[in-house]
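Please look at how the two chains shown below meet one another. The briefing that follows takes up the helix contact, then the strand pairing, then the interface as a whole.

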Amino acid sequence: MSVGHTARVLEESGISTVAIYIRAFRHHAGNLKVPRTVVTPNPLGRTVGRVGDVEGQRRVVHSAVRLLSEAAAPGAILDL
Amino acid sequence: MPATYGRTQYARAGTGTIARSQRPGSVTSCPPACSKTRRLNDSTPWTPLARPLSQARLTLISTGGLFIEGHDPLGTSGPTQEEAVPRIQEFLRSDPVLVTIPKNTPQHRLRVRHPGYDIRGAQRDHNVVFPIDRLNALEAEGIIGHLAEEAYSFVGATSQLRLLKEYAPRWARGIKDQGVDAALLVAA
């Protein structure tokens with residue numbers, strides 16, 4: 001829950017946020033009302049992607065930063 | 001994230017109201033008729049990105065528990081990963097410590113310790129929970145305007161109440177003062 005709590009505080013302080021969660025913790029995004037969330041199908045401990053998978057990691061991070069500008073409403077969740 | 005999170009007290013940001021989760025690993029959902037417990041959050045905070053992404057200043061915050069070799073946030077006698085795992089309850093009661101990591105820190109200088117997940121992937125490639133190399137590349141490509149010089153990490157297994165009421169607001173002020181427009185947060 002730490003990411004959701006921190007994202008909310010940052011957002012309330014005037015900093016736009018996007019959080020990356022793994023699917024197993026997707027419920028935190030809704031329950032905590034996280035402003036923008038990207039959900040990955042990866043296992044715990046590899047939120048962004050596989051070890052050494054530069055292209056896969058890049059897709060996740062690129063999707064996340066794009067969501068910063070493309071999310072139309074609070075609570076946006078992008079499932080990858 | 002460990003199931004023991006469900007036993008940790010937490011508070012609604014900005015209000016000080018406290019709720020307690022009833023089931024490990026879950027957040028209690030309180031129906032309107034439930035008057036003795038309170039909803040965790042009723043609304044979603046929202047700050048639109050202040051400028052186009054190609055001009056924005058971003059930072060990275062990971063709850064993966066990274067730090068720089070020789071700068072253990074728990075001191076020179078900080079626990080090893082093997083020692084930290086059985087002490088997760090102690091972590092969950094402790095204050096979070098935000099570690100500053102310059103964006104060009106070489107991978108071989110990064111260390112990871114976290115009692116709540118298997119850190120072996122992050123030890124081999126920190127980008128799996130701390131994707132600073134991917135963000136540096138997006139900055140070089142001009143997709144993001146600026147990557148802030150300092151990125152951050154802390155151990156997500158920490159006191160949620162103190163994180164909300166004391167630490168995150170303090171961190172937010174410091175990050176805001178650096179002219180940061182947006183933060184990418186990674187849950188580990």
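In this predicted model, Gln57(A), Arg58(A), Val61(A), His62(A) and Val65(A) of α3(A) meet Arg134(B), Leu135(B), Ala137(B) and Leu138(B) of α4(B). The residues of this contact between α3(A) and α4(B) divide into five nonpolar, two polar and two charged.

**Helix packing**

- Helix α3 of chain A, which covers residues 54-70, packs against α4(B) at an angle of about 65°, and the axes of the two helices are 10 Å apart.
- The crossing that α3(A) makes with α4(B) is right-handed.

**Strand pairing between the chains**

- Strand β1 of chain A, made up of residues 16-22, is joined to β9(B) by five bridges, and these two strands run parallel.
- Within this pairing, Ala19(A) has Leu185(B) of β9(B) as its bridge partner.

**The contact as a whole**

- Chain B contributes 57 residues to the contact, while chain A contributes 43 residues.
- On the side of chain B that touches chain A, at least two residues each come from β3 (57-62), α3 (120-124), α4 (132-140), α5 (160-177) and β9 (182-186) of chain B.
- Of what makes up that side of chain B, α5(B) gives the most, with nine residues.
- Sorted by class, the side of chain B that touches chain A holds 39 nonpolar residues, alongside eleven polar and seven charged ones.

Terms used
Residues numbered from 1 in each chain as written. Chains lettered and ligands numbered in written order. Predicted model: local features only at pLDDT ≥ 70, side-chain atom pairs only at ≥ 80, totals over all residues. Contact = placed C-beta atoms within 7 Å. Helix = DSSP H or I, 4+ residues; strand = E, 2+ residues; numbered from the N terminus. Nonpolar A, V, L, I, M, F, W, Y, C, P; charged D, E, K, R; others polar. Pairing = 2+ DSSP bridges. Axes fitted to C-alpha atoms, helices over the stretch in contact; angles between N-to-C directions. Left-handed = near helix turned anticlockwise from the far one by under 90°.
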